[in-house]
Amino acid sequence: MVTGAPGAGKTTVVPELVRLSPGNMVVMDMDELLDDHGRLLGINIASPTAAPIWPAYNALWLRITELIRRSGIPVLLLSPLLPAELPEGRWLHLDCSDAVRRKRLAGRGWPEAQIEEALADAAEIRKHVPRSVRGDVSPERSARSILDWIRGERFGKTLSLWGRLRS
């Protein structure tokens, strides 16, 4: 699992992850089930009024990943969730500074109140998933850092990715 608040770069890094790991794993972004307006079966998933169905949406993703993994293929799911919301697998945090996040979301036309919510979400994720890679570098560099983390996790290595990115 790779988590990140809105604006971290999750959707942007997906094509690079696919390109750099062809045939090695299935890479998915939670938003890929939604239509162009953020809806699933006519319901706007991001709307607070959709909160009652969020657990079902998360359970759907758990089921999708289980179906793929039973064939022996690893799955990498990118989402904005916390481990308590999708208690499966190992977690990494794709993060960027609040200034970068604010600029990205403003560029998408988000209102200030939603941007503030995304900044609060980012702070919460940092508390629960401290191991992170940078989302404010090139998508290829972020993808390579995520893949390094996956390889390290597979072979039982502890990686200091943040330190390696800063050097």
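The paragraphs below go through the central sheet, a few chosen residues and the main pocket of this structure.

The model is a predicted one, in which local features need pLDDT of at least 70 and side-chain atom pairs count only at pLDDT 80 or more, while totals for chains, interfaces and linings use all residues. Residues are numbered from 1 along each chain as its sequence is written, and side-chain values use heavy atoms, with hydrogens and water left out.

The sheet is a good place to begin. Five strands make up an open sheet in the order 2-5-1-6-7, with parallel pairing; strands here are DSSP runs of E with at least two residues, helices are DSSP runs of H or I with at least four residues, and both are numbered from the N terminus. Two strands are said to pair if DSSP finds at least two bridges between them. The edges are formed by strand 2 and strand 7 (132-134), each of which pairs on one side only.

Following the order of the sheet, strand 2 (residues 26-29) runs parallel to strand 5 and is joined to strand 5 by four bridges, with M28 standing opposite L77 of strand 5. Strand 5, in turn, pairs with strand 1 (residues 2-3) in the parallel sense over two bridges, and here T3 stands opposite S79. Strand 1 is also joined to strand 6 by two bridges, again in parallel, and the bridge partner of T3 in strand 6 is H93. Three bridges then link strand 6 to strand 7, which run parallel, and in strand 7 the partner of H93 is S132.

How enclosed are these strands? Burial can be stated for strand 5 (residues 75-79), where five of the five residues are buried, so the strand is largely enclosed by the rest of the structure; buried means under 20% relative accessible area, exposed means over 50%, and partly exposed lies in between, using a 1.4 Å probe and protein chains only. In a regular strand the side chains alternate between the two faces of the sheet. In strand 5, V75, L77 and S79 point one way and L76 and L78 the other way, and all of them are buried. Strand 6 shows L92 and L94 pointing one way and H93 and D95 the other way, all buried as well. On the helical side, helix 2 lies across strand 2 and strand 5 and runs at about 170° to strand 2, where axes are lines fitted to C-alpha atoms, for helices over the stretch in contact, and angles run from 0 to 180 degrees between N-to-C directions.

Individual residues fill in the picture. H93, in strand 6 (residues 92-95), counts as buried because its relative accessibility is 1%. Leaving aside residues up to four places away in sequence, H93 touches T3, G4, A122, I125, R126, V129, R131, S132 and V133, a contact being heavy atoms within 4.5 Å. A5, in the loop between strand 1 and helix 1, is buried with a relative accessible area of 0%. With the same exclusion of residues up to four places away in sequence, A5 touches K10, R101, A118, D121, A122 and I125.

Two other residues are less hidden from the probe: T11, in helix 1, is exposed at a relative accessible area of 51%, and E85, in the loop between strand 5 and strand 6, is partly exposed at 39%. Not counting residues up to four places away in sequence, T11 touches D29 and D31.

The last feature is the largest pocket, which has a volume of about 1,400 Å³. A pocket is an open set of points on a 1 Å grid over the protein atoms alone, where a 1.4 Å probe fits, with protein on both sides within 12 Å along at least five of seven lines, and its lining residues have an atom within 4 Å of a point. Grid points are joined across faces, edges and corners, and a volume is the space filled by probe spheres set on the points. The lining has 43 residues, of which P6, D31, A46, P80 and W110 lie nearest the centre of the pocket. Helix 1 (10-20), helix 2 (54-69), helix 4 (112-128) and helix 5 (139-154) each supply at least two lining residues, and helix 4 gives the most, with six. By residue class, the lining divides into 20 nonpolar, 13 polar and 10 charged residues, where Ala, Val, Leu, Ile, Met, Phe, Trp, Tyr, Cys and Pro count as nonpolar, Asp, Glu, Lys and Arg as charged, and the others, Gly among them, as polar.
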